[in-house]
2 protein chains.
Amino acid sequence: MKLCIIGVRGHHGYVFAEIGSLADVDIIGISGGCSDDVSGLLGLCNAAGAAPAVYENHLTMLDLLRPDAVVINGPFALHAQTCIEALERGIHVFCEKPIALTLSDLSRVEAAYSKTAGIFLMSMVGLRYEPCFMTAWKAVKAGAIGKVKLIHAQKSYKVGTRPDHYKSRETYGGTIPWVGSHALDWIYWFSGSEFESVMASHTMEDNFGNGDLEIASQCQFLMKNGVQASASMDYLRPASAPTHGDDRVRVAGTKGVIEVMGGKAMLIDEEGEREIPPVHNPGVFADFVRHVQGHSKALVSAEDTFILTRACLLARESADTGQLIRF
Amino acid sequence: MKLCIIGVRGHHGYVFAEIGSLADVDIIGISGGCSDDVSGLLGLCNAAGAAPAVYENHLTMLDLLRPDAVVINGPFALHAQTCIEALERGIHVFCEKPIALTLSDLSRVEAAYSKTAGIFLMSMVGLRYEPCFMTAWKAVKAGAIGKVKLIHAQKSYKVGTRPDHYKSRETYGGTIPWVGSHALDWIYWFSGSEFESVMASHTMEDNFGNGDLEIASQCQFLMKNGVQASASMDYLRPASAPTHGDDRVRVAGTKGVIEVMGGKAMLIDEEGEREIPPVHNPGVFADFVRHVQGHSKALVSAEDTFILTRACLLARESADTGQLIRF
């Protein structure tokens, strides 16, 4: 499997965390996808035993090298266009989330995908694969808490010092799509249902000089199957905190409650409260590769990615307009 | 201070938890306020050294005994009418929350209150006074987390076996007013602001045969000062859990995060994470009594009670109608 990487702004770390354990994956070319410096990315490739060619123009790279798959990880606002360029060339896509910053761009990606056959597209919803979340989800799917009724997800990040592209809506997209996409993905995944409606809010006030970046946000959903779900996203985690993110999800069902917090999955049911022994499983990049190589079906389909992206963008629209939005 | 008690359906336990430590409070009369058996209540009075007269008709009791204050704790749907009857007689009111199950009843109580002078009305928002919540609130007020931006509150109860009056909307009022009133009170109290808008949902499905009782609910608010706040309420806590309620509030601000969970108040700020040493303070009944006796000003005013009750009823209306409601 010949792989190219475009861009250095997101979670290409997923690739390098797993590539050593994957057979037949060769990074043959990289490109910044813009004027970003790729020397760090090249160093990661070299450390992984790869010696990719470096291209200024990512389309030249795709046309000359004809990779099987591409990692898309450049400027957020270019995710959609780059996805389309890859799909039109019959190249499998592993793209940073969200794959589009506008509904029209999302529709364009969907249209391009619908014209392909046997080509896969997946976004980097890597937190699904964290052992604590995967453990919790497997327990929910196995019936540990009965019928799911209520979900609350939390994303809380340190704001730190952000590059300029976080400071403009045009280049950042918003905190709901960027940070919230994980929380919304958990809601979609744990509820086992599409979204019915959303009411959301966000604020740029008190954002420590970060331009348009929304420092705090909340979303409330009804899912088509009746599950009620909410999420909060903020950049208010103090710098002193032991981890970058305080990621949580609480799923309450008719037979118990499962909660992920502090990297652990806890269950309380009729037998009392305890940690669920963590399952270990391949991460998001391995899942993508194994799907493309035909070894297994990925946990996240292209349709799932489209549904999640639309949910992020409609939630942001609700927050922008102060209106309830039905999907 | 001559005190009467009407009803046995709520938290008259607040009275007996503190009456022994309060000077000059004499329970002189009790009434079921309906056909409820008052023998248990009488036993509590006797154990507290009181020998109240027992009346079938609570109005006869108020007119004959002319108490200074009354505890209102009978059928939920009669809270409002009983408040009005007491206010019209110039009697201070300590009433179970919510003080009204309909907006028209709430308006009637407000009208009756507006005609009084020097008469106090307070609802039993006892969870404000739990050491963990009071400790957290005092720290927030002292600036420990800077400017409050985002709040999430959680109420999760065991459903257990409920009396019939929980199983009809008419007599129960709904899970948002009954359980959620605490969460909404924390939001009102910690945000330091009135409510601007609410979007809510709730469901009676899968409620273990409890009629109209909503088994799970969620509310999302904007506050007038820009704070974003959400709450979830459910009866999904397993019977095996060590406590009846899993009460939580998380308050994120520009300088840190304070969180109440498991009976502790935790702070994370630039100096790291730690428990805030708990403050101990009088409870809700003592606060009421000391206010009426002129010793101190209660934490909760009658106006606060009206604002909270209206928020509960409008949140319920939002959940009933699926519409965003602006206050």
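Leaving aside neighbours within four places in sequence, Val179(B) is in contact with five residues: Lys155(B), Tyr157(B), Tyr172(B), Met233(B) and Tyr235(B). The model is predicted. Val179(B) sits in the loop between α8 (175–178) and α9 (180–191) of chain B. Its relative accessible area is 0%. Because buried means under 20%, Val179(B) is classed as buried. The C-alpha atom of Val179(B) is 8.5 Å from that of Ser156(B). Those two residues, Val179(B) and Ser156(B), are 23 residues apart along the chain.

**The interface between chain A and chain B**

The contact draws 52 residues from chain A and 52 residues from chain B. Together the two chains bury about 3,700 Å². Of that area, 52% lies on carbon and sulfur atoms. On the side of chain A, the residues that lose the most area to chain B are Gln218(A), Gln220(A) and Gln228(A). Together they account for 17% of what that side buries.

The polar side of the contact comes next. The rule finds 10 salt bridges across the interface of chain A and chain B. One salt bridge joins Asp206(A) to Lys149(B), with the closest N and O atoms 2.7 Å apart. Across this interface there are also 35 residue pairs in polar contact, both partners at pLDDT 80 or more.

Which elements of chain A give two or more residues to the side that touches chain B? They are β7 (148–156), β8 (195–203), β9 (216–223), β10 (228–234), β11 (248–253), β12 (256–261) and β13 (264–269) of chain A. The largest share comes from β9(A), with seven residues.

By class, the side of chain A that touches chain B divides as follows.

| Class, side of chain A | Count |
|---|---|
| Nonpolar | 20 residues |
| Polar | 19 residues |
| Charged | 13 residues |

**Symmetry**

How is chain A related to chain B? A rotation of 180° superposes chain A on chain B, with 0.0 Å of shift along the axis. The RMSD of that superposition is 0.0 Å. This is the relation of a two-fold axis. The same surface serves both copies. In figures, 100% of the contact residues of chain A recur in chain B.

Notes:
Residues are numbered from 1 along each chain as its sequence is written. Chains are lettered from A and ligands numbered from 1 in the order in which they are written. This is a predicted model: local features need pLDDT of at least 70, side-chain atom pairs count only at pLDDT 80 or more; totals for chains, interfaces and linings use all residues. Side-chain values use heavy atoms; hydrogens and water are left out. Contact means heavy atoms within 4.5 Å. Buried area is the accessible area (1.4 Å probe) that two parts lose on being put together, summed over both. A salt bridge is a side-chain nitrogen of Lys or Arg within 4 Å of a carboxyl oxygen of Asp or Glu. A polar contact is a pair of N or O atoms within 3.5 Å; within protein, one must be able to donate a hydrogen and the other to accept it, and residues adjacent in sequence count only if both atoms are side-chain atoms. Helices (H or I, at least four residues) and strands (E, at least two) are DSSP runs, numbered from the N terminus. Ala, Val, Leu, Ile, Met, Phe, Trp, Tyr, Cys and Pro count as nonpolar, Asp, Glu, Lys and Arg as charged, and the others, Gly among them, as polar. Copies are superposed by least squares on the C-alpha atoms of residues with pLDDT of at least 70 in both. Buried means under 20% relative accessible area, exposed over 50%, partly exposed in between (1.4 Å probe, protein chains only).
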